[in-house]
Each structure stands twice: as structure tokens, then as C-alpha cells.
Amino acid sequence: MLASISRSLARRLPRLPLATAAATTAMSSSDTAGSVADRPISPDTTRIGWVGTGVMGQSMAGHLLAAGYALTVYNRTPSKAQGLVSSGARLVDSPRAAAAVADVIFLMVGFPSDVRSTSLDPSTGALAGLAPGGVLVDMTTSDPTLAAEIAAAAAGAGCAAVDAPVSGGDRGARNACLSIFAGGDAAVVARLAPLFKLMGNALYMGGPGAGQRAKLGNQIAIASTMVGLVEGMVYAHKAGLDVGKWLEAISTGAAGSKSLDLYGKRMLERDMAAGFYVRHFVKDLGICLSECQTMGLALPGLALAHQLYVSLLAHGEGGLGTQALILAVERLNNTCLDKKGE
């Protein structure tokens, strides 16, 4: 998809800069910014900034570093960036400082409030440090209206912004096989293809906020799939089946899913370590419900999944992985797939 966008746009706009057309006037006032924007994206010509080096961000940024890109990182807890620093990244003390030495800066943080502060804060935010012609790419799952706000602010600063949330969890991040949902200016997304390819497969979804809306739809589908998976597992357990064999049996049929592949075995082994945090999934599903309210859309499966995950928060389990949903359904039925726990 991105390749076809690149070819069609290249025929009409062979030297389109990274920033949006709306920012062309601002860029033309700076010879330095113009030269940065016109350079092809490659390790020799493009400096990368990265904000947020948690479970997902560390692996994603690591792929860019391994490909030879100069990488400057910021994380609220500096110790979580030490793996990247040991591999050659430079650590700075604010998103603004990371953006000041970058042509493209990525955000991979937790909540919309984090996205707002790391991108738009006038003192420490990335847009305050990004030079005209630069691009801000938010890969956090966040609010579509905030994505549009950031895009407008970036254009006003002579820059561009892309919302590009991802799906695939910690395994997808480690293996560079994430699904990336990209929203913003089509030409900017197309030019970012060399960077996206190092992390996974990017599809252009539409204008600012479209990437976020695509990801929210993804989360809705996952939420109901996870409910079905754990309910099936609890049923199989109570019916006296070997749940491991049952999972193997259904995995190649119509009930097979990525969620089953990623989480079925983890749940059986009581491995609740976070590839994606419960608290972040509750955030995502809450944004989905807010969008549905605005749209006048009733999605009862989404609402049920949200409540089950909120129950995990109530039990202090927000730091577990999303596979911990099995715990909520076990509690409802006074049972436990771990026979030692019954």
C-alpha cells in the first residue's frame, strides 16, 4: 500500500518534503530546514528521536538503532532506557531535547495525557524542539481528536505529525512484525516507509486521527475475542477437558486467532507478565466507548470487555498483561485453571 502511494505521489510531487504542504511556506524561510526535509530517509541522512522506552518502545527503537540510525532517547524513568544507551543511543532529559537533534521523533508513551505533555508542552514538549521540516510520529494508542490537534500544531510550526499506533504486543515489537495504522498526510506517511518497515507493516488509513480510529477498531475486535477465548477455556476446564489439548484442537479451526496464539499458553502457564498492560487496555477501551458515545453507537461486547478489565484494576492487577482476563472470568465462576489454585 505504502509503495503504491509513494509511486503515485512521486510522479506528481517528485521532491515533496517531509512536512505537509501547509508548512511549505514556513520551511522555505530556512535553508537548513529545507535541506533536512528534502534529504531521503536513511541512516546517513536522518536523525531519530524517541520518547518512551517501555515494553514496546525499547524494542521498536532498538530496530532503528540496529539499522544504523543515530538515536536520541528520552524516558521518564532513565534507567529503562539504559539498554538502548548501552547499544549506542544518546539519553537526554526531555522530549524537547530529543526533538532538537532529530529529523523524525517518535512517541511511544502510555496515556493521552502523556501524549499531550510530551508533544505539546511549550517548555518540554517535542514540538517545541523540532525544527521546521521535521516530523513527529505518535505510535501511542490515543485519542483521535488529540491526533488532529497535534497535526494542526505541527503544521503551524512548519512541521508534520503522523498518528501511527501499532498492534502486535511485545512479541510483535521484538520481532519487527507490528501492524502499524498510519494517519496524516499521505506523502509524509509514504516517505516514512523506510522507518516503518524496520518495525512492521504500515498501512495508510487516512488523514489526521485515522490511524488512531483504525487502532481503536482493532482493540474492539481484540476485546471481544479475548472474552470468547477465556470463556471457552473456563468452559473446557469445568467440562473436564485437558485445556491445553483443547487449545491445540481449536487453534487450526475457525476459532483460531492471534489472541489464542499469543496468550493461550501463557494463561495456562499462569504467565501474566505484561506484553501489553491491563491498565493501558482499559485506557484504550475507554477511548473506544467515548468515541461510540459521540457516534451514537452501541457495542455491548466492548462494554462488557471494558467492565471485566476494570475489575482487574479493582483487584490491583493493572500491571499484569491483558491475558490476565482469565483471572476475572475465573473469579466469576469460583474456579481456577491452575489445579493447584482450586
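Helices (H or I, at least four residues) and strands (E, at least two) are named here as DSSP runs, numbered from the N terminus. The structure is a predicted model, in which local features need pLDDT of at least 70 and side-chain atom pairs count only at pLDDT 80 or more, while totals for chains, interfaces and linings use all residues. Residues are numbered from 1 along each chain as its sequence is written, and side-chain values use heavy atoms, with hydrogens and water left out.

A place to begin is the loop between H10 and strand S8 (178-183), where Ala176 is found. Phi of Ala176 is near 55°, a positive value in a residue other than glycine. Most residues other than glycine have a negative phi. Ala176 counts as partly exposed because its relative accessibility is 24%, where buried means under 20% relative accessible area, exposed over 50%, and partly exposed in between (1.4 Å probe, protein chains only). Arg270, in the loop between H15 and H16, also has a positive phi, near 60°, and its 23% relative accessibility is why Arg270 counts as partly exposed.

Arg270 comes just after H15, and this helix can be followed inward. Ser259, Leu260, Leu262, Tyr263, Gly264, Arg266 and Met267 are buried in H15, and what covers the buried residues of this helix includes H10, H13, H14 and H18. Leu260 of helix H15 counts as buried because its relative accessibility is 6%. Leaving aside neighbours within four places in sequence, Leu260 is in contact with Leu229, Leu247, Ile250, Ser251 and Ala255, contact meaning heavy atoms within 4.5 Å. The C-alpha atoms of Leu260 and Glu248 are separated by 9.5 Å, the two residues being twelve apart along the chain.

H15 also takes part in the largest nonpolar core, to which H13, helix H14 (243-251), H15, H16, helix H17 (300-314) and helix H18 (325-332) each give two or more residues. A nonpolar core is a set of buried Ala, Val, Leu, Ile, Met, Phe, Trp, Tyr and Cys residues joined through side-chain atoms within 4.5 Å. The largest such core has 36 residues, and those with the most contacts inside it are Met233, Met267, Leu285, Tyr309, Leu312, Leu325 and Ile326. H13 supplies the largest share of this core, nine residues. A second, separate core of 35 residues includes Met108, Ala173, Val189 and Phe196. Within the largest core, Leu325 offers a closer view of the packing: apart from its neighbours within four places in sequence, Leu325 is in contact with Met226, Val227, Val230, Leu308, Tyr309 and Leu312.

Another buried position is Thr72, which lies in strand S2 (residues 70-74) and counts as buried because its relative accessibility is 7%. Not counting residues up to four places away in sequence, Thr72 touches Ile48, Gly49, Trp50, Arg90, Val92, Ala98 and Val101.

The open and enclosed spaces come next. On a 1 Å grid over the protein atoms alone, a cavity is a set of points where a 1.4 Å probe fits but cannot get out, and a pocket is an open set with protein on both sides within 12 Å along at least five of seven lines; lining residues have an atom within 4 Å of a point. Grid points are joined across faces, edges and corners, and a volume is the space filled by probe spheres set on the points.

The largest pocket holds about 1200 Å³ of space. It is lined by 50 residues, of which Met56, Met108, Gly275, Phe276 and His280 are the closest to its centre. Two or more lining residues come from each of helix H7 (112-120), strand S7 (166-167), helix H10 (169-174), helix H13 (210-238), helix H15 (258-268) and helix H16 (278-295), and H13 gives the largest share, six residues. The lining divides into 18 nonpolar, 24 polar and eight charged residues, where Ala, Val, Leu, Ile, Met, Phe, Trp, Tyr, Cys and Pro count as nonpolar, Asp, Glu, Lys and Arg as charged, and the others, Gly among them, as polar. At least three lining residues are drawn from each of domain 1 (48-207) and domain 2 (214-333), with domain bounds that come from an automatic or database domain assignment.

A search of the whole structure finds one cavity of 30 Å³ or more, and the largest cavity has a volume of about 80 Å³. Of the 13 residues that line the largest cavity, Asp138, Ala147, Ile150, Val162 and Asp163 are the closest to its centre.
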